[in-house]
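Please follow this account with the sequence and the coordinates side by side. It moves from one residue to the elements around it, and then outwards.

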Amino acid sequence: MAHQCSSCHCLCTSRISLFDSLTFEEQKELIAKAQHLDYQKGDIVFHENDPADRIMIIRYGKIKINHYSLDGKEYVLDILDESDFYGEQNIFGGNSLEANAVSMGDSGVCLIYLKEIQELILRKPEIGIKLLNVIGQKLSLANELVRLLSVNNAKSRIAGFLLFRSSRINSDTIQLTREDIAAYINVRRETISRKMGELCKEGAIALEGNRKVKILKKDILREIFENDD
């Protein structure tokens, strides 16, 4: 279960560029009104259709954003890392959340009510402009994911996902289980393992256990992705 943490080692707002135009005192004022919560693996931060009344900043750990179909199949929409945030799309309108947020291990978040940010935008319009830029960037990522999911060949889709995720987190080391990748790109877990084994033999990636993939040669992955057949 989530519980109120005693304090953050640093201000949550200082972790993201969205609030870098605020003074230290303004950030302290904003954080004083926020919730600072810790979670364990499997804990629910929020449910789909909960009120869209806050923005979530990841202090540490990973948070999975997912959705379940009517027949119970999981679809992963995003996996958020430290300093990522979610919910900004609702600042300009939105009554309910469109997905669930689930802790993937020990994690901590700050929840800031949207009304506090809306009041900030009235005082500092540059924050609103940054929010629009962030929303635009996330729409571009969503379009990339749609393109990725349109690829029929499983190996090409996996190669494309590794490139997508590497760009998303700005790192060549991807720490996700095979199950999470399978839910992310709608490919069977067994197929993920088999095709990643092939990519490993081809020198494109290195595998460390079930949770870590290190990209060695992006050009090989890019060629596989772009030559889908």
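Ile205 counts as buried because its relative accessibility is 1%, where buried means under 20% relative accessible area, exposed over 50% and partly exposed in between, calculated with a 1.4 Å probe and protein chains only. This is a predicted model, in which local features need pLDDT of at least 70 and side-chain atom pairs count only at pLDDT 80 or more, while totals for chains, interfaces and linings use all residues. Residues are numbered from 1 along each chain as its sequence is written, and side-chain values use heavy atoms, with hydrogens and water left out.

Ile205 lies in strand β11, residues 205-208; helices (H or I, at least four residues) and strands (E, at least two) are DSSP runs, numbered from the N terminus. Leaving aside neighbours within four places in sequence, Ile205 is in contact with Leu162, Met196, Leu199, Cys200, Val213, Lys214, Ile215, Leu216 and Leu221, contact meaning heavy atoms within 4.5 Å. For one of these partners, Leu221, which is 16 residues apart from Ile205 along the chain, the C-alpha separation is 8.7 Å.

Leu221 also leads to the largest nonpolar core, which has 30 residues and in which Phe161, Leu162, Ile185 and Leu221 touch the most other members. A nonpolar core is here a set of buried Ala, Val, Leu, Ile, Met, Phe, Trp, Tyr and Cys residues joined through side-chain atoms within 4.5 Å. At least two residues of this core come from each of β6 (74-80), α3 (125-149), α4, α5 (178-185), α6 (189-201), β12 (212-215) and α7, and the largest share, six residues, is supplied by α4.

How do α4 and α7 pack? Helix α4 (residues 154-169) and helix α7 (residues 218-226) meet at an angle of about 130°, with their axes 8 Å apart; axes are lines fitted to C-alpha atoms, for helices over the stretch in contact, and angles run from 0 to 180 degrees between N-to-C directions. That angle makes α4 oblique to α7, since angles under 35 degrees count as roughly parallel, over 145 as roughly antiparallel, 65 to 115 as roughly perpendicular and the rest as oblique. On the α4 side the contact is made by Lys155, Ser156, Ala159, Gly160, Leu162, Leu163 and Ser166, and on the α7 side by Lys218, Leu221, Arg222, Ile224 and Phe225. By class, this contact has six nonpolar, three polar and three charged residues, with Ala, Val, Leu, Ile, Met, Phe, Trp, Tyr, Cys and Pro counted as nonpolar, Asp, Glu, Lys and Arg as charged, and the others, Gly among them, as polar.

A second helix pair, α5 and α6, packs at an angle of about 110°, with axes 8 Å apart, and the two helices are therefore roughly perpendicular to each other. Here Arg178, Glu179, Ile181, Ala182 and Ile185 of α5 touch Arg189, Ile192, Ser193 and Met196 of α6, which gives a contact of five nonpolar, one polar and three charged residues.

The loop between α4 and β10 (173-174) holds Asn170, whose phi is near 55°, a positive value in a residue other than glycine. Most residues other than glycine have a negative phi. Asn170 is exposed, with a relative accessible area of 71%. Asn49, in the loop between β3 (44-46) and β4 (54-60), likewise has a positive phi, near 80°, and counts as exposed at 56% relative accessibility.

Strand β4 itself contains Arg59, which is buried, with a relative accessible area of 7%.
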